[in-house]
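Me: Hi! Could you walk through a structure with me, one question at a time?

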Amino acid sequence: MKQKTRPVPGPRSPRKPAFWRALEERAGDPAFQEHLYNEFPSEIEAISDPVARRTFLKLMGASLALAGVTGCTRQPAETIVPYVRQPEDLIPGRPLFYATAMSLGGVATGLLVESHEGRPTKIEGNPLHPGSLGATDVFAQAAVLGLYDPDRSQTLLNLGDIRPWSAFLGTISAALTAQRPLEGAGLRILTESVNSPTLAAQIRDLLARFPSAKWHQWDPASREHVRGGAKLAFGEYVDAQYRFGQADVILSLDADVLGCGPGSIRYARDFAARRRPEQADRMNRLYAIESMPTSTGARADHRLPLKPSAIARIAREIASALGEAGKSGSGRSGGSGESGGAGGSGGAGASGATGGAAVVQGFSPAIAKWIDAVAEDLQAHRGSSLVVAGDGQPPAVHALAHGINQALGNVGKTVVYTQSVEAEPTNQLDSLRDLVADMNAGKVDVLVIVGGNPVYTAPADFRFAEALNKALLRVHLSLYDDETSALCHWQIPEAHFLEAWSDARGYDGTVSIVQPLIAPLYGGKSAHELLAAMSDRPERSAHDIVREFWSGSGSSRTLPAPPANEEFDASWRRWLHDGVVPNTAFAPARVQVVPGFSPTVEPTPTTHAADDIEINFRNDPSVLDGRFANNGWLQELPKPITRLTWDNAVLVSPATAAKLRAAGSPAFQGGEHGQIITDLVELRYRARSVRGALFTVVGHPDDCVTVHLGYGRSRGGRVATGAGFNANAIRTSDALSFGAGVEIVRTFEKFSLACTQYHHLMEGRGMVRASTRDAYVRDPKSVHEGDETPPRTITLYPNYPYEGYKWGMAIDVNACIGCNACVVGCQSENNIPVVGKDQVLRGREMHWLRVDTYYRGRADNPETYFQPVPCMQCENAPCEVVCPVGATAHSHEGLNDMVYNRCVGTRYCSDNCPYKVRRFNFLLYQDWNTPSLRLGRNPDVTVRSRGVMEKCTYCVQRINAAKIDSEKESRPVRDGEIKTACQQACPADAIVFGNLNDPASRVAKLQAEERSYALLGELNTRPRTTYLAAVRNVNPALGE
Amino acid sequence: MADSLQPVEDPSRAAAIRTPAVIAPGHTFGTVTDKISAIVLARKTPLGWYAGFGTAMFFTLLLLVSLTYLVLTGIGIWGNNIPIGWAFDITNFVWWIGIGHAGTLISAILLLLKQTWRTSINRFAEAMTLFAVACAAVFPVFHTGRPWLAYWLVPYPNTMNLWPQFRSPLIWDVFAVSTYATVSLLFWFVGLIPDLATLRDRSQSPVGRVIYGMLAMGWRGSAHHWHRYETAYLLLAGLATPLVVSVHTVVSFDFAVSIVPGWHTTIFPPYFVAGAIYSGFAMVLTLAIPIRAVYNLEDFITMRHLQNMAKVMLVTGLIVAYGYLTEAFIAWYSADRYEGFVPLNRMIGPYAFAYWALIFCNVVVPQALWLKRVRTSVPVLFIISLIVNVGMWLERFVIIVTSLHRDYLPSSWGLYSPTFWDWSTFVGTIGLFLSLLFLFLRFLPMISIFEMRTILPEARVGE
């Protein structure tokens, strides 16, 4: 409803007009006023409302027409003649790469963006950036689609009417002039976490001009409790950076440190590098205590599922066990000198055990044993252990983790504290609360919302939307015309980060200059330009602002001295080229846990009964807090662990579901590989309720539900609206991440969830081979027990001699964290269409690469393995012999090539593919009409039409590009020169591609390793893609 | 043989030994010709024919709508998905091809084996074959993602020097089915020539005389004509005989050559052929029983025919049952984890209802045919024949869908359910089949006049 009727705007309404159109207007009738301002609703709005997502693709075409209707949009200049003078470096057909950075939750990741004739088409990580090392996450991979999204806010709107930028400038300058005598007492800026030094300087400049104005921050994707924990432990805001490369024993307290959050891409790389069983003595060990199963928990050697509130207690037990042991241990080692590690750890173990017996009351013996073992293991690795607390855990747990790390002597070794990456770290919850209070008190005259969607993301008890309506002038800068835009007077289309100049700090403080790859498609403005509009120099461009800031003419407090002016130009070019500004990483800060801080302090005593059902709010692994909800790639991406697409769900353990007598089961349409029909339940929490579909997750703690945020959007694009349910509706400020006492009520209605893999058991088929470190060291062959691969002599025909190149791939199951970056990378590189929920329900998703998830071991807390499955490029390919028209054929380099224009679509190849990696265009899935989407396609890859089979090609376009380059230079392709899209995106370095004929190549060495195996090798398909078995570093004290 | 037109079996003697006879007593050359040709030429077209043909045409139009929508939109209107690339489409294809088998078997093999009782049913059995093959041909063409390019499966010379991929069983299918269709058509048409001449001679309408005259190709019934006719017919029978075995053998290769557990089975060729004959005879019974009642042909299609066909069904049904048993046994005996899973999944998996329905229809129900009481009860036979038709359709469905839906990697397991368009296409082909059959009944002699005359006692002049 809200988005339909625009509120009567404050500043313009009450005065009686001198000229009037109707008596009602003269009389100032509110109904007339409303009518007046609703007379021309935006055209987008008229059709965008209850559009089913299945029509997403069809409607994208219509949006072109709408773009025409809106008319006044300045289109990018079109070149209809070839370049008269060719731009420098630009050779048609050869892509250029530019460095830039993407910020998320106040932390930037350095990127390299592939540009074809001025169109950004593919995003890779920047190898020079410490937060990327060349890898990316799903959000960066999907940003290309975000850029070309036809649903983006395309015009500057004032109450639904299109206005020029100058009209906005007039309004804002008038409003600011009115504020000047008040020193800005009625001016409020609401931003997300700011990690751009330039933007922070701009805001501070503004605040300097308006001393009474306030800057509020609210970033639902950022880490409220992390900041709180640091403040609690150290008395100041600092960031913790982890050095996983130095950590031998890691304890995660509900932290998905490999899967999301600042530095996770880097951490995954460092972590995986210490997991190679070939260097068994270097293998680290990861303990994970967590509620919702995550990538980190899946990779843990020992995982303990617990309700989120219980984790604080466990953390305290471990802290006190360690605290005692730590003191006595250090005392003993001080006294006995070099008595040897064994004695020390034995003593520590003993004291840990006695301490454990005393403190772990209330936990089951198994958990008590777990705590003891972890404490002992941490104790035995002083200085090389690491405790990480999760974003959702309360500040006390973070403080505990800091305390433990300090007690274990890890600070400066496995964990480093630096000043915060955020320009102005603050308690954002309080910040938003203050803003709401001010708005309710009528103190806010001008509210400028720079990015974000607080109407949707603010805690429900803040009643942000109601408060917002009390601000007199409301301006919203955002990518989409979303829930917040609907309540603001001005909606300014934001320039996508690929369209704008800016700068941003990475997880370690490294600054990257964000440079645009393309002129704003829809005339969007960046935050810098909006802030400039509020300054005394309103027409400065973002480029000038950022450059001026770095050349030193802007204000700079904490930055290295700028180079001399004559050198600045060269430096600037170097920074842009490298994507990083050298020597901007923060130096380690010297911080001490405040002496008064005691790890046993528990600020929020839990008063609820033990069997109360707890609710756990998490950012969605695909759409985060909802900011990516209109991205089809991310919506259709099967989420890690649950494999759900297009919806969030009420996630519970199977036992809890059984208690509720609710369950899901595969429907005949699609089945386990498509449609799960499940119970719709109502979640009631503190007098608020929301309805969502129940879904069971193995390994989830009992009596606890996890809900993902970011769904149930009512506005903000055709893909976003209608998917899932809005968990923010029951999320309150005192239970931002979890809370107890939720009630789950069955509604006796059913709901269809699109799940691409519902069956996670291996059925004794050995798809994933796994072992423990000790067993592997004893006998590396033990991982292959019970599996066989026929010898290469089993054939009637002579083996084909692959001369020259022989491409192959090795995928390390032990390294894969299931983050899905490869899947989106593949989708972006290979022009893979989005099919919509309706088609996923039928089992027809098009991903060439999928990440299979399998469970092993105990039913309530299984080991979880991720197995990325691209085309195996079999040497004896079953698909090739059955194709009646020869549309799939073998190349002399061993690639199983697809000839799209020869394919008639019998689907026989797919039936005969034991890996089921082939994908069929059952309908016309590709959007051929929307012009903006056409811009984003990779011109080197055929866009497939309907009726055609397709599959992974090993990125044959990249292979051929590298071969052409090498042939021009009369040399063979170097190892590592070709990276497939999945390999390049992978943070864990789990995928390696190369030439098997070169024994020195990485892939040849990996395939020669003892734990290498072929998936379904017993079929004698001779796959070129092989896997490396998983090896877990199990603590002998706990056993498997 | 070639110079003798005489049937070796004396129907009257046969009647004395085991009743009933293949033709009721009391008929002469004249009455036979009158009775059969009157259906086409003299009798008023019954209202029931219009009703039946109208209904069948409705479903034929439904087929046209379905196919048009399919071509415009894509295979996605069906329920097929990624583990289950083939479902109703190939199920229906194999089912129709199987139904077509009885025609060739009756016309060719029984002719060579001198089973004269075949005479009164072979004409419409052959027609049924042709129509079934026509229906079957719809599926391989339209199940492709780009049906307008389906001709690429045919080896034709082209400037790009591109040929089909001869290792693919689908190409073998193209050859097998097209050969089968060609030979069946020739066989049927050659067998029709003397009767077409009879119709030409007896037709009252000038249009009929012209059309039948053209189709009769100048048949005058001279001794030369009969001599050449007999030679040609026998040669065609000889040509058609291997096809009975080859067509379904090749169709079974579609599955047997693949590596899908549940498809990759050496028993498939004989098992498919037996199944085809089984379903073919069931379909002949399904058609013969109402036709003989409506057109009062009990004299020509006697209880003997029905009983014989019931016996063939019983035998082939037992072979098929043996096939089911062997399939399950070998799956277990192979000790292969993938093969061993298939029968278990069929019996207790999500499609167990289809498997047990198939066992009921194809194995349990036909055991009633051991009883003579059942074999001589026309309504019961009709019901059993319908059940066997359903069972054989289920057999193909079970083979195709339950094998594909859970193959090697559990991550890719899925399920299939047919959509409206799956059903409409299937029902539409039944409509097409019945439409063609109604046209055949109306415009061509459904029983071979001249062959019926040869089994009358009057024909035994030479002895």
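Below are some questions and answers on the folds, rings and strands of this predicted model.

Me: Good to start broad: what share of the residues of chain A count as buried?

Reply: Happy to. Chain A has a secondary structure of 32 helices and 39 strands. Its exposed surface comes to about 37,700 Å², with carbon and sulfur atoms supplying 54% of that. Of its 1040 residues, the share that counts as buried is 63%.

Me: Taking contacts in chain A between residues at least 6 apart in sequence, what percentage join residues at least 24 apart?

Reply: This one concerns contacts in chain A, where a contact means heavy atoms within 4.5 Å. Among those between residues at least 6 apart in sequence, the part that joins residues at least 24 apart is 75%.

Me: Let's turn to the rings. Is the aromatic pair of Trp49(B) and Tyr50(B) stacked or edge-to-face?

Reply: A search of the whole structure gives 72 aromatic pairs over all chains. For Trp49(B) and Tyr50(B), the centres are 5.4 Å apart and the planes make an angle of 85°. Planes over 60 degrees apart fall in one class and those under 30 in another, so the pair of Trp49(B) and Tyr50(B) is edge-to-face.

Me: Which of Trp49(B) and Tyr50(B) is buried?

Reply: The cut-off for buried is under 20% relative accessible area. Tyr50(B) has 48%, so it is partly exposed. Trp49(B) has 8%, so the buried residue is Trp49(B).

Me: And which helix holds Trp393(B) and Phe397(B)?

Reply: Trp393(B) and Phe397(B) form a stacked pair, 5.6 Å centre to centre with 15° between the planes. Both residues are buried, and they belong to one aromatic cluster whose members include Phe668(A), Trp95(B) and Tyr416(B). They sit 4 residues apart, about one turn of the helix, and that helix is H15 (residues 378–405) of chain B.

Me: Over which ring does the charged end of Arg844(A) sit?

Reply: Chain A has a charge over a ring at Arg907(A), whose charged end is 5.3 Å from the centre of the ring of Phe920(A). For Arg844(A), the distance to the ring centre is 4.6 Å, and the ring is that of Phe922(A).

Me: How far apart in space are Thr249(B) and Thr316(B), C-alpha to C-alpha?

Reply: Thr249(B) lies in helix H9 (residues 223–256) of chain B. Leaving out residues up to four places away in sequence, Thr249(B) touches Pro269(B) and Val273(B). In sequence, Thr249(B) and Thr316(B) are 67 residues apart, and in space their C-alpha atoms are separated by 15 Å.

Me: Now the sheets: which strands stand at the edges of the sheet S1-S2-S3 of chain A?

Reply: This open sheet has 3 strands with antiparallel pairing. The edge strands each have a single partner strand, so one side of each is left without a neighbour in the sheet; they are S1 (96–104) and S3 (119–125).

Me: How many bridges pair S1(A) with S2(A)?

Reply: Within this pairing, Ser103(A) stands opposite Ala108(A) in S2(A). S1(A) and strand S2 (residues 107–116) pair in the antiparallel sense, and the bridges number 9.

Me: At about what angle does helix H5 of chain A run to S3(A)?

Reply: Helix H5 (residues 138–148) lies across S1, S2 and S3 of chain A. Its angle to S3(A) is about 165°.

Technical notes:
Residues numbered from 1 in each chain as written. Chains lettered and ligands numbered in written order. Predicted model: local features only at pLDDT ≥ 70, side-chain atom pairs only at ≥ 80, totals over all residues. Heavy atoms only, no water. Helix = DSSP H or I, 4+ residues; strand = E, 2+ residues; numbered from the N terminus. Buried < 20%, exposed > 50% of the residue type's maximum accessible area, 1.4 Å probe, protein only. Areas by Shrake-Rupley, 256 points an atom, 1.4 Å probe, with all protein chains shown as cover. Phe/Tyr/Trp six-rings, centres within 6.5 Å; stacked < 30°, edge-to-face > 60°. Lys NZ or Arg CZ within 6 Å of the ring centre and 35° of its normal. Pairing = 2+ DSSP bridges. Axes fitted to C-alpha atoms, helices over the stretch in contact; angles between N-to-C directions.
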